[in-house]
Structure formats: C-alpha cells, structure tokens
Amino acid sequence: MINSKILFQQLTQKVHLPDDVDEIKSILYLLFEKEFGLTRTDILAEKEIPFNDPEKIDSLLQRINDEEPIQYMLGEAEFFGRRFVVNPSVLIPRPETELIIQLAKAEKVLPSSILDIGTGSGCLAITLALEIPKCRVYGLDISEKALAVARTNTKLLRADVHYIHCDILTQTPDLLNLDLIISNPPYVMDKEKEQMSRNVVAFEPALALFVPDSNPLLFYYAIAQKGKQILRPKGVILVEINEQLGNETSHLFQQVGFDTEIISDINGKDRVIRAELR
C-alpha cells in the first residue's frame, strides 16, 4: 500500500512538460481517477492505495512526457458534462466548442432537425440529441473510423443519432428542410502549425484540423452551399471558426445568401458564426 498524496507528489516531479504545474496536476488527477478510482479529495486526504504495477505507471508517465494527450491515453474526454470515448481517429472535444450547444439551445424556436457536419466523436450531435428531446439529429463525417467512435458514444450515452458517411466537399447529404446545421470543421491553416502544441499536431487527426493556406475557408464554402440546399427557409447554421478569419468567413456566408452574426467566446475571441438563410 502507498499514500496516494505522496505518490501524486512523486509523479508530479517526474512529469516534464512545457505546461505549468497546475496543468500537470490536472493531467495527473485524471490519471489517478482512471487508474486508481481516486478523486482529488481522496488524494488530498492521503488515502492509501495498492501499488502493484509500477511499470504500468512508468509507461503512462513516458507517454505523458512524450506529450500524448491524456484523453487519448485514458480513452475518454468530457464534453458538456458527459464522458465521450475518444481515440486518435477523432478530435478531442474542447470546452470552447460547447458554445455551439448553448447557442443551439438558445434559439427562439428549438430546432426539430439538426445536421452535424464533421461529427467526429459525435459530441455535438449526441449532446444536442440528449439536450433537445424529440429532435431528429444526423451526424456526418468523411471518416469511417470517426463514425465508428461516434456510434460507440451514441450507444453508451443512449442517444438517438443517425449517421451518414459523406464527403461534404464533393457530396450533398440526402436531407431536406433542416432547421439547423452545426459544425466544427477543419480551419487551422498549415502555416499555424508552428505555433501549435506538439500534443495537438503530433497526435490529433490532421484531416479534422488543417486546411491549405491558399484556401482556408473551403469547408465553410461547402457548408454554406450545401446548407442553402438542405435548410428550410430561415434555417440556421452555427459553425466554429478560426478567430483570425471571422470577418472573411462571415462575408462568405453573406455572399451565399445568409445573414450573419459573429459570436465571441468567454475569452472575447471570435468563436462561432450564426448564419440564417435569407
């Protein structure tokens, strides 16, 4: 048996990441919860735990020091108060993306039909299916591996989401008169890679992250064009955006036939565009 607080302190000293100590501790708290079933309170209370596999912990520490995301190591991530299965086939859900959920729920008339383009883990589609009862929700992705993860999450969380394998750049889903389209599409320009953390660039799927510098809005153009075909009159699109390209993205939607609003996140960064079909 070993004192959990002492073990936590020992492991904290063995983690060598560019993050500050609070971030390192948050990673280890997640690790202790998964591996030992310990809460932060348990650790602070110095709860005794069996420690029979130090080699496994050493292996996990090496993966942490290699900057592998803790969510992939544990196979799960939290989003809007729920836990989702994740693996390197899908992006790790991020708190800032929850703004799309909040905005969808704040619509004057709650949507009765929603399409999530680039559904990944299914975190947006599943959350809205659970948060808005009786809503018909679809999730679309080009990646079969991502759709497999989304279907797993749908089953685990007992949601009702219909999935479509589709390349939104070249295909149009066979849907009509939707109330709402949501998406967190690829929007990081290739030239921005140098500014990003290794734990993102080296481990998360490039297919879901990056766009060419020469055409950074290609997914928004596709979403706008396809949205015009499959939304009902006055239907709405909510998309997460590159904060550097808010005005350009908004102008693109306006040119296609939408009225737009740029919405900032809690940190004051341009985060989401709400586009309403004229």
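## Pocket, sheet and helix packing

The second largest pocket holds about 160 Å³ of space. The model is predicted. Eleven names need not be read as a flat list, so take the lining by element and by character. Three strands, S8 (178-183), S11 (231-240) and S13 (270-277), each give at least two residues to this lining. S11 supplies the largest share, three residues. The lining is made by Glu107, Lys108, Val109, Pro111, Asp179, Leu180, Arg232, Lys234, Val236, Arg274 and Glu276. By character, seven of the lining residues are charged, four are nonpolar and none is polar.

**The sheet**

S8, S11 and S13 also belong to an open sheet of seven strands. The order is S7-S6-S5-S8-S11-S13-S12, and the pairing is mixed. Which strands form the edges? They are S7 (161-165) and S12 (258-264), each of which pairs on one side only. From one strand to the next, the twist averages 20 degrees.

Three of the strand pairs are set out here.

| Strand pair | Sense | Bridges |
|---|---|---|
| S6 and S7 | parallel | five |
| S11 and S13 | antiparallel | five |
| S12 and S13 | antiparallel | seven |

Start at the S7 edge. S6 covers residues 136-141. Tyr138 has His162 of S7 as its bridge partner.

Now take the other edge. S12 and S13 form a hairpin, with five residues between the strands. Gly268 sits in the turn and has a positive phi of about 80 degrees. Ser264 has Asp270 of S13 as its bridge partner. Thr260 is bridged to Ala275 in S13. What stands opposite Ala275 in S13? Ile237 does. Ala275 is therefore a point to look at twice when viewing the model: Thr260 is its bridge partner, and Ile237 stands opposite it.

**Helices on the sheet**

Helix H7 (residues 123-131) lies across S5 (113-117), S6, S7 and S8. Its direction makes an angle of about 155 degrees with S7. Helix H10 (residues 218-230) lies across S5, S8, S11, S12 and S13. H10 runs at about 160 degrees to S11. S11 is also the strand with the largest share of the pocket lining.

**Helix on helix**

Two packed helices are described by the angle between their axes and the distance between the axes.

Helix H6 (residues 98-105) packs on H7 at an angle of about 35 degrees. The two axes are 10 Å apart. The crossing of H6 and H7 is right-handed. From H6 come Ile100, Ile101, Ala104 and Lys105. They meet Leu124, Thr127, Leu128 and Glu131 of H7. Five residues of this contact are nonpolar, one is polar and two are charged.

Helix H2 (residues 21-36) and helix H4 (residues 54-65) form another crossing. Their axes come within 12 Å and cross at roughly 145 degrees. H2 passes H4 in the right-handed sense. H2 brings Ile27, Leu28, Leu31, Glu35 and Phe36 to the contact. H4 brings Lys56, Ile57, Leu60 and Ile64. How do the residues of the contact of H2 with H4 divide? Seven are nonpolar, two are charged and none is polar.

Methods. Residues numbered from 1 in each chain as written. Predicted model: local features only at pLDDT ≥ 70, side-chain atom pairs only at ≥ 80, totals over all residues. Heavy atoms only, no water. 1 Å grid on protein atoms, 1.4 Å probe; cavity = no way out; pocket = protein on both sides within 12 Å on 5 of 7 lines; lining within 4 Å. Points joined across faces, edges and corners; volume = space filled by probe spheres on them. Helix = DSSP H or I, 4+ residues; strand = E, 2+ residues; numbered from the N terminus. Nonpolar A, V, L, I, M, F, W, Y, C, P; charged D, E, K, R; others polar. Axes fitted to C-alpha atoms, helices over the stretch in contact; angles between N-to-C directions. Left-handed = near helix turned anticlockwise from the far one by under 90°. Contact = heavy atoms within 4.5 Å. Pairing = 2+ DSSP bridges.
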